[in-house]
Amino acid sequence: MYSDYVNQSIYGIDFIFTKYGLNDFLTVNGYPLLTVIWNIALLAVPFYAVKSLEKYYRETGLKKIKNKILAGVMIFIWLIFMPNAAYIISDARHISNFCFNNSLYRVCPENAWVIIIFFFYAAIGLAAYIFLLNQMRKFIAALWNGKKAAIFIFSAIPLISLGLLLGLLNRWNSWEIFINPIKILKSAEIYFLNPAYFKDWLIFTAFLLALYAGGNFAIKKIYKLL
């Protein structure tokens, strides 16, 4: 059953917010603003992971085995926290239930403002998603070359897509990979065994690739017009 794959851990942010009643503190149409703040704050982890990598590379040149291992750990941390940026994009789903079902065109004057709030929130996620991927791409290009950097990024996006779905459907948090790795791997397994889950992963991956490629293309076009 679906519920068998949903995170029930006491280390999840859903459990913590519910336990201390934080889900009811400052909400937008029932959506906790603390969750918004938390999700945006998590964007700092992949950002500083790359900043740390850049500094560490300048200091050591990654010449020794221990240097390469530590750099690998930093890249792993970047990878497991990157889905949070893509997850913010998916939070636009909360637009769908801001009015009663019998509202004309499912729009109501009392809560029409919610649309722009969640759109803006999702736009932050999209901008962060593209920026953080390009930040790592620039580092990999400096480390090796542009071609290998592109291969790395486009190989990482399917994993980011999987991480997003593990958070969205299975309610796992990035840091829980260090607490419940076996359970998370079992949850991830279903995306390659169950056709419905596999379809979700495939479509999410395709559109995350499109958002990255299209976003970069648009940024370059806008930059030329300035």
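How many of the 226 residues of the protein chain count as buried? The answer is 38% of them. Keep in mind as you look around that this is a predicted model.

Let's start with the overall build. The protein chain contains nine helices and two strands. Read from the N terminus, its elements follow the order α-β-β-α-α-α-α-α-α-α-α. The radius of gyration of the protein chain is 19 Å, close to the 17 Å that the globule rule gives for 226 residues, so the chain is as compact as a globular protein of that length. If you turn the model along its principal axes, the C-alpha trace spans about 65 × 50 × 35 Å.

Now let's turn to the surface, beginning with charge. Lys51, Lys55, Arg58 and Lys138 together form a positive surface patch. Which helix gives the most to the positive patch? That is helix H3, which covers residues 44-60 and supplies three residues. Lysine 55 is a good place to pause, since this patch member sits in helix H3. Its relative accessible area is 47%, and a residue counts as partly exposed between 20% and 50%, so lysine 55 is partly exposed.

Another part of the surface has a nonpolar character. Here Ile10, Tyr11, Phe15, Ile16, Phe76, Phe178 and Ile179 make a nonpolar surface patch of about 650 Å². To find one of its members, follow the chain to the loop between helix H7 (146-168) and helix H8 (181-189), where isoleucine 179 has its place. Is isoleucine 179 buried or partly exposed? With a relative accessibility of 36%, isoleucine 179 counts as partly exposed.

Our last stop is a pair of opposite charges. The structure holds one salt bridge, and its partners are arginine 93 and aspartate 91. The closest N and O atoms of this pair are 2.7 Å apart, and a salt bridge calls for such atoms to lie within 4 Å. How do the two partners stand with respect to the surface? Aspartate 91 is buried, because its relative accessible area is 0% and buried means under 20%. Arginine 93, in contrast, has a relative accessible area of 33% and is therefore partly exposed. The salt bridge thus joins a buried aspartate 91 to a partly exposed arginine 93.

Terms used. Residues numbered from 1 in each chain as written. Predicted model: local features only at pLDDT ≥ 70, side-chain atom pairs only at ≥ 80, totals over all residues. Heavy atoms only, no water. Patch = residues over 30% accessible without salt bridge, like charges linked within 9 Å, V, L, I, M, F, W, Y side chains within 5 Å. Areas by Shrake-Rupley, 256 points an atom, 1.4 Å probe, with all protein chains shown as cover. Salt bridge = Lys/Arg side-chain N within 4 Å of Asp/Glu carboxyl O. Lys, Arg positive; Asp, Glu negative; His and termini not counted. Charge placed at Lys NZ, Arg CZ, Asp CG, Glu CD. Helix = DSSP H or I, 4+ residues; strand = E, 2+ residues; numbered from the N terminus. Buried < 20%, exposed > 50% of the residue type's maximum accessible area, 1.4 Å probe, protein only. Rg over C-alpha atoms; globule rule 2.2 N^0.38 Å.
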